[in-house]
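Opened the notebook for a fresh model and wanted to see how its helices pack. Jotting down what I looked up, in the order I looked.

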Amino acid sequence: MAPFRWPEARHELALAKEVAQHNPEKPDEWEAVARRLGKAFSTDSCTVELKGRDCREKMDRILTKYKEEDMKALKRSGTEEEFTELQQLCEDILVYRRDMMEMRQIEKESRKKREQEDKRKGEEMRQAAVERLAKRRSDASTSGGATLDVSSSGSDEEIPSKGTKKKVARSSRKSAIEMLSEKYKEKAKLKDKELEVRKMELDLQKQKYEDEAEERKLLFSMLREQLKK
């Protein structure tokens with residue numbers, strides 16, 4: 001079967017409407033657009049089969065012409081009404097893509113900063129734990145030496161055994177690990193809250209875009225009614 005050539009302006013308009021409504025990005029989403037359009041373009045005497053890649057590339061070419069203000073190339077044989085609606089749809093699609101790109105860039109930078117901050121704090125916590133552990137070992141060693149000196153001079157005080165020193169060291173390591181574990185748990189909870197707030201911000205921006213798109217559609221509808229008069 002020969003490839004579809006998009007022979008009429010109404011075909012490009014239908015494609016732009018699908019993209020503006022569904023905002024496809026993944027291959028399977030473009031394939032869904034192709035199936036719907038293929039069904040819409042088919043007639044009893046001619047079956048149209050489209051591929052997602054063809055639809056994506058065609059939409060990219062339409063947007064390129066729009067951005068380059070090649071109005072003659074866009075208008076082709078369509079009516080003035082179709083041409084005006086196609087212009088508005090191109091603007092909606094470009095605005096949406098630009099907003100999504102900006103939001104993803106902001107999210108990427110924010111995630112990178114959080115990772116760097118987490119790494120820095122983790123290193124500080126590990127260093128602090130090592131220093132505390134070293135200090136406790138030093139204190140335990142000093143305490144053991146003092147006890148040994150007193151005992152050698154005739155005191156009845158008990159000399160700490162090696163087993164006691166090992167218990168002190170193990171206890172210090174366990175305490176440091178528990179402290180680190182608690183710190184990481186608190187950090188994880190804070191990160192979850194930050195992600196939840198970020199998700200709310202993205203939802204609000206998406207809702208704002210949808211509201212603005214609805215307003216533009218309403219204005220276009222009013223303009224179309226006036227043109228009919």
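My entries on the fold, the helices and two odd backbone spots follow.

**Entry 1: overall layout**

I reminded myself that this is a predicted model. I pulled the secondary structure first and got six helices and zero strands for the protein chain. Along the sequence the pattern reads α-α-α-α-α-α. I then checked burial: 25% of the 229 residues count as buried. For contacts with a separation of 6 or more, I found that 68% come from residues 24 or more positions apart.

**Entry 2: α1 by itself**

I looked at α1, residues 9-22. Its 14 residues reach 20 Å from first C-alpha to last, close to the 20 Å expected at 1.5 Å a residue. Which residues of α1 are buried? I got A9, H11, E12, L13, L15, A16, E18, V19 and A20. I noted the spacing too: residues three or four places apart point the same way, since an α-helix has 3.6 residues a turn.

**Entry 3: α2 by itself**

Same check for α2, residues 27-41. I have 15 residues here, spanning 21 Å between the end C-alphas, close to the expected 21 Å at 1.5 Å a residue. The buried set in α2 is W30, A32, V33, A34, L37, G38 and F41.

**Entry 4: α1 against α2**

How do the axes of α1 and α2 cross? They come within 11 Å and cross at roughly 145°, and the crossing is right-handed. On the α1 side I listed H11, A14, L15, E18, V19 and H22 as making the contact, and on the α2 side W30, V33, R36, L37 and F41. Sorted by class, that contact has seven nonpolar, two polar and two charged residues. Going back to the burial lists, I see H11, L15, E18 and V19 of α1 among the buried residues, and W30, V33, L37 and F41 among those of α2.

**Entry 5: α2 against α3**

Next pair: α2 and α3, the latter being residues 52-67. The axes come within 7 Å and cross at roughly 90°, which makes α2 roughly perpendicular to α3. I read off W30, E31, A34 and L37 from α2, with G52, R53, C55, R56 and M59 from α3. The classes here are five nonpolar, one polar and three charged. W30 and L37 caught my eye: both are in this contact and also in the one between α1 and α2.

**Entry 6: W6**

I went hunting for positive phi. Most residues other than glycine have a negative phi. W6 is not a glycine, yet its phi is positive, about 50°. I placed W6 in the segment before α1. Is W6 buried or exposed? W6 is buried, with a relative accessible area of 3%.

**Entry 7: N23**

Second hit: N23, also not a glycine, with a positive phi of about 45°. N23 follows α1 and sits in the loop between α1 and α2. I got a relative accessible area of 17% for N23; the cut-off for buried is under 20%, so N23 counts as buried. What does N23 touch, leaving aside its neighbours within four places in sequence? I found E18, E29 and Y96. E18 I had already logged as one of the α1 residues in contact with α2.

How values were computed: Residues are numbered from 1 along each chain as its sequence is written. This is a predicted model: local features need pLDDT of at least 70, side-chain atom pairs count only at pLDDT 80 or more; totals for chains, interfaces and linings use all residues. Side-chain values use heavy atoms; hydrogens and water are left out. Axes are lines fitted to C-alpha atoms, for helices over the stretch in contact, and angles run from 0 to 180 degrees between N-to-C directions. Helices (H or I, at least four residues) and strands (E, at least two) are DSSP runs, numbered from the N terminus. A crossing is left-handed if the near helix is turned anticlockwise from the far one by less than a right angle, and right-handed if clockwise. Contact means heavy atoms within 4.5 Å. Ala, Val, Leu, Ile, Met, Phe, Trp, Tyr, Cys and Pro count as nonpolar, Asp, Glu, Lys and Arg as charged, and the others, Gly among them, as polar. Angles under 35 degrees count as roughly parallel, over 145 as roughly antiparallel, 65 to 115 as roughly perpendicular and the rest as oblique. The expected span of a helix is 1.5 Å times one less than its number of residues. Buried means under 20% relative accessible area, exposed over 50%, partly exposed in between (1.4 Å probe, protein chains only).
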